[in-house]
Amino acid sequence: MNRLQAIRPFGQRIWLDNLSRELLFSGELARLIKQDGIAGVTSNPTIFHKAISTDPRYRDDMTALKARGMGAEKTYEELVIPDVRTACDMMLPVYQQSERDDGYVSLEVSPLLAHDAEGTLQSARDLWQSVGRPNLMIKIPATPEGIQAFGVLTREGINVNITLLFSLKQVEAVWDAYIGALTARLADGNALGHVKAVASFFLSRVDSLLDGQLPAALGGKGAIALSKVAYARYMERFHGEEFAALARAGAHPQYLLWASTGTKNPAYSDVLYVESLIGAETINTVPDATLAKFRDHGNAAATLRQDLDGARETLAQIAQAGIDLEAVGEQLQQDGLKLFVDSFNALMELTA
């Protein structure tokens, strides 16, 4: 068993934060699934911009699509939907063997719709129909409008990866929407077992913002402390009375997915955001470089539930330093949205 496979017995699954034709058709994704136990794939506008701009496999298709005058966004979708479909098919055995717990591939709605609930709903439904795979996840940013759309889509039975979560308040709002939507779906007389959602909680960006404002002793500790406290709340909400009736009806809990797990500060361990947060009913979506580093020298252990009191003390010390973590979460979400919008606009220039 390699180091990545050693994570599985602790109940966490590793997903890959990358998608391209190179990955699909070189055999690399198949190898990662077989040898490393990769159990899902996430994507975003930045990932697709890099893929389309650097992988020559897209060139002929893009030329043909542009010649048809389909417009930039439609051309982009026509380029990436076949890739997402292929990745879903490659992940289907994982999806089936895990009884729909793993094996998902995420495709994001346009970030330009982040503050448009109705537009998000329509785009999500269109992408869901176009891909036509049960193990697709529609990726939606967790703005208030995104959370509103997420609730409707969950009630309709569409899988969602709700993303750009940076604070406990944001995560609680997402879980409120999920539990409310499943309750409504059950009241509608619809089955719950095939509906799956994850909540993508971003890590390294939190520390990148906090570290310049904190004493050195707290450097690199904020994101991990937030994650451990969020996981404690997950256990309370999804393994307590609040979710019990839905669980009996076949509902899946909404797992936390650790995102932005590549270490940005060279002073920290290059596998910090993997090693520190291994625990049951969680996912870590990692970029290729972090995957390779953990495969080389990462250590798998049940770390996520260790020292919860210490995590709470860290958050208290951050508050005592005058930092409002809820305000930080809002700022980081807006910053993250801007990055995705910039990447999406660059994509549209590429496919126009």
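## A smaller pocket to start

The second largest pocket holds about 220 Å³. It is lined by 13 residues, and those closest to its centre are K221, I224, A225, K228 and D307. Two elements, α10 (222–238) and α14 (308–320), each give two or more residues to this lining. By chemical character, the lining of the second largest pocket splits into 4 nonpolar, 6 polar and 3 charged residues.

Keep in mind as you explore that this is a predicted model.

## The largest pocket

How much space lies in the largest pocket? The volume comes to about 740 Å³. Of the 37 residues lining this pocket, D17, N44, T46, I47 and P287 are the closest to its centre.

Several elements help to build the wall: α3 (45–54), β5, β6, β7 (255–259) and α13 (288–297) each supply at least two residues. Helix α3 gives the most to the lining of the largest pocket, with 5 residues. Sorted by type, the lining of the largest pocket has 11 nonpolar, 16 polar and 10 charged residues.

## A strand on the inside

Let's look at β5, one of the strands that supply residues to the largest pocket. Is strand β5 enclosed or open? Being buried means having under 20% relative accessible area. In β5 (residues 160–165), 6 of the 6 residues are buried, so this strand is largely enclosed by the rest of the structure.

Strand β5 also has partners. With β4 (residues 136–141), β5 pairs in the parallel sense over 4 bridges; here I138 has V160 of β5 as its bridge partner. With β6 (residues 197–202), β5 again pairs in the parallel sense, over 4 bridges, and I162 has A199 of β6 as its bridge partner.

## Crossing between the strands

How does the chain travel between these strands? From β5 the chain passes through helix α8 (residues 168–187) to reach β6, in a right-handed β-α-β crossover. Before that, β4, helix α7 (residues 144–156) and β5 form a right-handed β-α-β unit.

## A closed space

Rolling a probe the size of a water molecule over the atoms shows where empty space is left. The count of cavities of 30 Å³ or more comes to 1, and the largest cavity holds about 70 Å³.

Which residues line the largest cavity? They are E73, Y76, E77, V80, I81, L107, E108, V109, S110, S123, L127 and F344. Helix α5 (72–97), strand β3 (104–108) and helix α6 (117–131) each supply at least two of the lining residues, and α5 gives the most, with 5. The lining of the largest cavity divides into 7 nonpolar, 2 polar and 3 charged residues.

How values were computed:
Residues numbered from 1 in each chain as written. Predicted model: local features only at pLDDT ≥ 70, side-chain atom pairs only at ≥ 80, totals over all residues. Heavy atoms only, no water. Buried < 20%, exposed > 50% of the residue type's maximum accessible area, 1.4 Å probe, protein only. Pairing = 2+ DSSP bridges. Right-handed = clockwise from strand over helix to strand, strands pointing away. 1 Å grid on protein atoms, 1.4 Å probe; cavity = no way out; pocket = protein on both sides within 12 Å on 5 of 7 lines; lining within 4 Å. Points joined across faces, edges and corners; volume = space filled by probe spheres on them. Nonpolar A, V, L, I, M, F, W, Y, C, P; charged D, E, K, R; others polar.
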